[in-house]
Amino acid sequence: MNTFLVVLVVILAAVAIGQVVRVLELSSSVSGKDPNAVTDADNNRQGWYMMIFLVGMLAFFLWNTYDAWGTLLPKSASVHGAEIDKLMAISMVTIVLVFFVTQPLLFYFSFKYRGNSQRKATYVEHDNKLELLWTSVPAVVLAGLILYGLSTWNTIMFKAPAEDPIVVEIYAKQFGWNARYAGNDNQLGDAGVRNIAGANILGVDQNDSKSMDDVVTTELHLPVGKPVLFKFRAQDVIHSAYMPHFRLQMNCVPGSVTQFGFTPTVTTAEMRQDPHLQAKVENINAIRNGRGDEPYTFDYVLLCNKICGSAHYNMQMKIVVETEEEYNNWMREQKTFAQTL
Ligand SMILES: [Cu+2]
């Protein structure tokens, strides 16, 4: 009933506005004026609307940036992450500077050269100098950003391999993650979907001697400051291993192995002391508290960043970055592949 009344009121309001406009048109035709003629007063009003919109838009941009600042990721927790953050910062500063120069000019010119019955527009057919300027300046700036991005990518992806990295397989399937550590020999045994049977959910090859000391886990533990080499595999569809706090993402593709080498620099315990992160966690817990949910404690997380099916949203694995001693203690408690057979 309420909806019906609202629709009725809207329709009647539209009819009423239509009638008022019609009356205005008729009255101006009686007095001999063209109802569609644009007057200087109309142009002035539209010009000032442009300026008001400009100020409102810039104010909204500044408020929005300020308001959302606390939801940004905390400082990077990996060596290469600092490079990615620098690239991101330089790109964003460039974009925002250009925004603050071009948008005010655009709106100000609309205002300054608004219609005026005393003034006639100049007809300009073509201007080579202007064309050259507004083509070459953005081209040079964009080429600079792209070259900088490519060189950052190259230094992260094609650096000399670290000596003796800890080799860990990250295994994706609908819908969950497993990690497989290479064990004492630091070499992963062969694996493939045809070997999947019973508890051997990763399809580790029992006939490969390198498999026996491998360790399959449901949590990812990493010692701080030690180089790690991830080998990514997928069982069914393409997934994407996303570890935002390390500024790391790599697709996991069925039938092939992708890899990424990096070094974590901040332990979970240290990251929990970061002021930016603490403010963020407080904000989350204020919301959770309002709903009567359990409080949240920060942990690094591995998420899937490829929409891979109905439970994609819940595909995550806890990551713990700890001291080498804590890592070794944890590793001693895990079962090797041979022990699970
Ligand atoms: Cu997935």
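How many residues of domain 1 are in contact with how many residues of domain 2? Let's start there, and keep in mind that this is a predicted model. The answer is 13 residues on the domain 1 side, touching 19 residues of domain 2. If you look at what the domain 1 side is made of, you get 5 nonpolar residues, 6 polar ones and 2 charged ones.

For orientation, domain 1 covers 41-116 and domain 2 covers 166-340. Going by C-alpha atoms, their centres sit 39 Å apart.

Okay, on to the sheet. It's an open one with 5 strands, and the order across it is β3-β2-β1-β5-β8, with mixed pairing. At the edges you've got β3, residues 215-217, and β8, residues 258-262, and each of those pairs on one side only. From one strand to the next, the twist averages 25°.

Let's walk through some of the pairings, beginning with β1, residues 166-173. On one hand, β1 pairs with β5, residues 228-234, in the parallel sense, over 7 bridges. If you want a spot to find that on screen, look for Val-167, which stands opposite Leu-229 in β5. On the other hand, β1 runs antiparallel to β2, with 6 bridges joining them. That connection is a hairpin, with 2 residues linking β1 to β2.

Here's a nice little row to trace. Ile-170 has Ala-179 in β2 as its bridge partner, and Ala-179 in turn stands opposite Thr-217 in β3. β2 and β3 are antiparallel too, joined by 3 bridges.

Now, the core. As a general point, nonpolar side chains in soluble globular proteins tend to be buried together. In this model the largest nonpolar core has 36 residues. The ones with the most contacts inside it are Ile-170, Ala-172, Trp-177, Ala-241, Met-243, Leu-302 and Ile-319. So yes, Ile-170 from our row is back again.

Which strand gives the largest share of this core? That's β1, with 5 residues. Plenty of other strands chip in, though: at least two residues each come from strands including β2, β4 (220-223), β6 (239-243), β7 (248-252), β9 (300-304) and β10 (316-322).

Last stop, Ile-319. Which residues is Ile-319 in contact with, once you leave aside neighbours within four places in sequence? You get Leu-220 and Leu-222, then Met-243, and then the run Asp-299, Tyr-300, Val-301 and Leu-302. Two of those, Met-243 and Leu-302, are also on the most-contacts list for the core.

Definitions and conventions. Residues are numbered from 1 along each chain as its sequence is written. This is a predicted model: local features need pLDDT of at least 70, side-chain atom pairs count only at pLDDT 80 or more; totals for chains, interfaces and linings use all residues. Domain bounds come from an automatic or database domain assignment. Two residues are in contact if their C-beta atoms, placed from the backbone, lie within 7 Å. Ala, Val, Leu, Ile, Met, Phe, Trp, Tyr, Cys and Pro count as nonpolar, Asp, Glu, Lys and Arg as charged, and the others, Gly among them, as polar. Two strands pair if DSSP finds at least two bridges between them. Helices (H or I, at least four residues) and strands (E, at least two) are DSSP runs, numbered from the N terminus. Axes are lines fitted to C-alpha atoms, for helices over the stretch in contact, and angles run from 0 to 180 degrees between N-to-C directions. A nonpolar core is a set of buried Ala, Val, Leu, Ile, Met, Phe, Trp, Tyr and Cys residues joined through C-beta atoms within 7 Å. A residue is buried if 20 or more other C-beta atoms lie within 10 Å of its own, exposed if 12 or fewer, and partly exposed in between; C-beta atoms are placed from the backbone.
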